[in-house]
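Reader: I'd like to go through this one with you and ask how each label was earned. Can we start once it's on screen?

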Amino acid sequence: MASVAMKKGRRAQDPTAEFFEDLATRGPEPLLQSASGTMRFDLKDGARVEHWYVTTDKGQSRVSHKEAKADAIIRTDKALFDKIATGKANVTAATLRGTLVLEGDIALVMAFQRLFPSPPRPRRRARPDDRKGSAR
Amino acid sequence: MSGDLVQILEGNTFVVSDSAGDVEASPTDPTGLFSFDTRFLSEWILTINGERLNALSTDDLQYYETRFFLVPGTGTVYVDAKLSVIRQRAVGDGFREQLTIMNHDDKPVDLEVRIDAGSDFADLFEVKDALKKKGSYERRVERDRLVLGYKRETFERETVITSTSHAKIDEQGLTFKVRVEPHGQWATELAVTAVLGSLNVLTQRGDKRARPNMARGLTKWVHKAPTLETDVDSLKATYRRSLVDLAALRFETRTMPGHSLPAAGLPWFMTIFGRDSIFTSLQSLPFTPELAATTLRALGERQGTRIDDFRDEDPGRILHEARFGEMTAFEERPHSPYYGNADATAMYVVLLDEYERWTGDHRLVRDLEYQARAALNWIDEFADLQGNGYVSYKRRNEKTGLENQCWKDSWDSISYRDGALPGFPRATCELQGYAYDSKMRGARLARLVWHDQAFAERLEKEAGDLKRRFNHDFWVEDGEYFAVALDADGRQVDSLTSNIGHLLWSGIVDKSKAKTIARHLMSDRLFSGWGIRTLAVGEGRYNPIGYHVGSVWPFDNSFIAWGLRRYGFKEEAARVAEGILDAAQFFDGRLPEAFGGYPREMTKYPVQYPTACSPQAWSTGAPLLFLRTMLGLEPVGDYLVVDPALPASIGQLELLDIPGRWGRIDAFGRSRVGTSGR
């Protein structure tokens, strides 16, 4: 249990780490069902560059810092990626702006980017979950 | 100046120039070289000894290539022209222009040939709305090339101009000092390259696609499609026009190189549109089924996963429009992509099922099971904004989102009889039809391919219930038709519109009501003789040249005719097909987006609605769907049922080598309605 508490403590300041750790521990992801390959994220944080490797196969993802051959490379600032990991910035728009640079297997990155969370909403409209099956 | 605009394109790169080949764009003028929604040239002017040139003729060689025949001087008399000039231009990752000058005189001539070049790097949206640029410009000469640049923060775009012959290059353009011998000629090739900076990864560039391949590609495309034999020559011409235009409208995405889907329109809508790509794929399924497969994959890859108010995105929602320009990049527009439509998601499932029925491609249906389920889920979970069991729409992006999220997307398209406009949300009737159809078709796929009996039963139950409620709640008692919408209070928006035809197509109409609906569609109020009007004569907002309030849309009519056939109204379907196909003759086989709703006997020819975009994909697809409807083509199991019902004006109609799960098959139709059926 101690390790979980520690992780949580770290997550509060590091949305990027939180996102990747979450990804590593979640079950098979249907959105990645047809995507496979390794992505390398180069996240520039001041003078240093943080590397994350995500290898995905049939919906299951492994996350690591260990160097591996990448099919796609995503380069951006750590600060921007923190925003993307919390839904405050959009990958596609960032790519068009050139603040995020892609290389390699674009289909893989496109499948992967769907896992980033929704933007935070100031006033959440009640989701009509209770209406499920109202067409009955 | 030369009036007519000439356009050529390849994918989403295109050039619009005047008939002399020059570009001299004002900020709001839609001419220039465009790529990925950015203008890379807004100035491209050829002069010889300081003089502009005059167009003798223009040859559209192919959709990606054109040739301009020019002479110096801008007068109207060319008698003394001793020089002629040919500019042959082909689009690729920018364009290449072969410039040839011929001297017809007995004496040599010394010429100063000049190309002035410039770019405002306008976003397509800026060209429409005349907005100011926020970044900075640069012009620089690098050895043998001129570079025009634009930069806003990390957003960088460049235009690189080179020439095969030696030129004196300055920051404003290129100058050639040329001597042309008697009866001799001089030539150079100019290359203009659009450089997308960090976005180059999204292009196919580096493939070095050569022109001959493009030409061969087009020939192959036309040959692969079924062959049409008919006694009506204009119909043959229309069919060929449709196939060639469809080829031009093909669009490749970086994630699926070698496969293309139909973009919405040329040149301004050469991008993925959920609605347009799906409708066009449906129309062209019996002819070019690969378009549907690519559309389904491409839209599936981009299906919504988040709840994002700016983009009107929900999980499972199929996108509306994707763009790549500066305003999208800086989130001044929501097209990265934008999801604000209320129909494409249900239509996605409809297309998947129709595709399976034609091709038997179970693999794709299995691959897209998750996407199809997410789409079906969207209908119940996210589209029922009022909690009344109907699909409705209201944009969440109130600044730059779309107000009307149905195909009739103009501001006044949905109105009460008296012309008043309802508030939001709006539940337009055709959306309920699409939802019904998607549930029925989803159920079929669930049984056949996903092997989920319980899901199939649930969907059918929901569809049955929706149909029952719909036939009650939308039925306008005193008019005996379906209301175009329910308003925010659940009241009927009671005008008579073409939307009721889509309801037949979806199958949501009770059998007992179908005859009345068909009668309305063919009545003088809706049927002009050329086609069915978007809004009936006599309604408050009716205007024969109003965009969605009286004009006739070929695409709309093609689906209505399909709907009429679905309910057994063969003769009516044939009459609609005949009217629109007759109209096509007046446009050289290229149907416009819409034309006027004037009665046929009044104008004798269809009055074109002024629009900048031609060909439009779903107008291009309309003749294809009419052919299917007239021949009564319907896949049943592994067979193709042919049940022709031709209009009086078509004596013979044969479609040979129709591709599908049966391999290739021929369909024959002969003579008048009723006499040729089986």
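**How the labels are earned**

Author: Chain A comes to 5 helices and 5 strands. Here helices (H or I, at least four residues) and strands (E, at least two) are DSSP runs, numbered from the N terminus. This is a predicted model, in which local features need pLDDT of at least 70, side-chain atom pairs count only at pLDDT 80 or more, and totals for chains, interfaces and linings use all residues. Residues are numbered from 1 along each chain as its sequence is written, while chains are lettered from A and ligands numbered from 1 in the order in which they are written.

Reader: What pattern does chain A follow along the sequence?

Author: Chain A reads α-α-β-β-β-β-α-α-β-α.

Reader: What makes S1 and S4 of chain A a pair?

Author: Two strands pair if DSSP finds at least two bridges between them. Strand S1 (residues 37–45) and strand S4 (residues 72–77) of chain A have 6 bridges, in the parallel sense, so they pass that cut-off. One of the bridges matches Phe41(A) with Ile74(A). S4(A) is also joined by 4 bridges to strand S5 (residues 101–104) of chain A, and these two run antiparallel. There, Arg75(A) has Val101(A) as its bridge partner.

Reader: How do you know that Asp37(B) is buried or exposed?

Author: A residue is buried if 20 or more other C-beta atoms lie within 10 Å of its own, exposed if 12 or fewer, and partly exposed in between, with C-beta atoms placed from the backbone. Asp37(B) has 25 C-beta neighbours inside 10 Å, so it counts as buried. Asp37(B) sits in the loop between strand S4 (32–35) and strand S5 (38–41) of chain B, and its phi is near 70°, a positive value in a residue other than glycine.

Reader: And what makes Phe121(B) buried?

Author: Phe121(B) has 25 other C-beta atoms within 10 Å, so it is buried. Phe121(B) has a positive phi too, about 50°, although it is not a glycine. Its place is the loop between strand S11 (109–118) and helix H1 (124–129) of chain B.

Reader: Which peptide bonds in chain B are called cis, and what is omega there?

Author: One joins Ser336(B) and Pro337(B), with omega about -10°; another joins Phe424(B) and Pro425(B), with omega about 0°. Pro337(B) is in the loop between H6 and H7 of chain B, and Pro425(B) is in the loop between H9 and strand S21 (427–428) of chain B.

Reader: How does the span of H9 in chain B compare with what is expected?

Author: The expected span of a helix is 1.5 Å times one less than its number of residues. Helix H9 (residues 369–381) of chain B has 13 residues and reaches 18 Å from its first C-alpha to its last, close to the 18 Å expected. Its buried residues include Ala375(B), Trp378(B) and Ile379(B). The elements covering the buried residues of H9(B) include helix H5 (290–301), helix H7 (344–359), helix H10 (429–448) and helix H11 (453–473) of chain B.

Reader: What makes a nonpolar core, and which residues have the most contacts inside the largest one?

Author: A nonpolar core is a set of buried Ala, Val, Leu, Ile, Met, Phe, Trp, Tyr and Cys residues joined through C-beta atoms within 7 Å. The largest has 218 residues, and those with the most contacts inside it are Tyr348(B), Leu351(B), Leu352(B) and Ile580(B). H7(B) gives the most to this core, with 10 residues. Leaving aside neighbours within four places in sequence, Tyr348(B) is in contact (C-beta atoms, placed from the backbone, within 7 Å) with Ile278(B), Leu299(B), Ile318(B) and Ala375(B).

Reader: How many residues of chain B are in contact with chain A?

Author: 33 residues of chain B are in contact with 30 residues of chain A. On the chain B side, the largest share, 4 residues, comes from H11(B).

Reader: How do you know how confident the predictor is about chain B and the complex?

Author: pLDDT is the predictor's confidence in each residue, from 0 to 100. Chain B has a mean pLDDT of 92, and 94% of its residues reach 70 or more. Over residues 205–212 of chain B, though, the pLDDT is below 50. For the complex, the predictor gives an ipTM of 0.90 and a pTM of 0.92.

Methods
Two residues are in contact if their C-beta atoms, placed from the backbone, lie within 7 Å.
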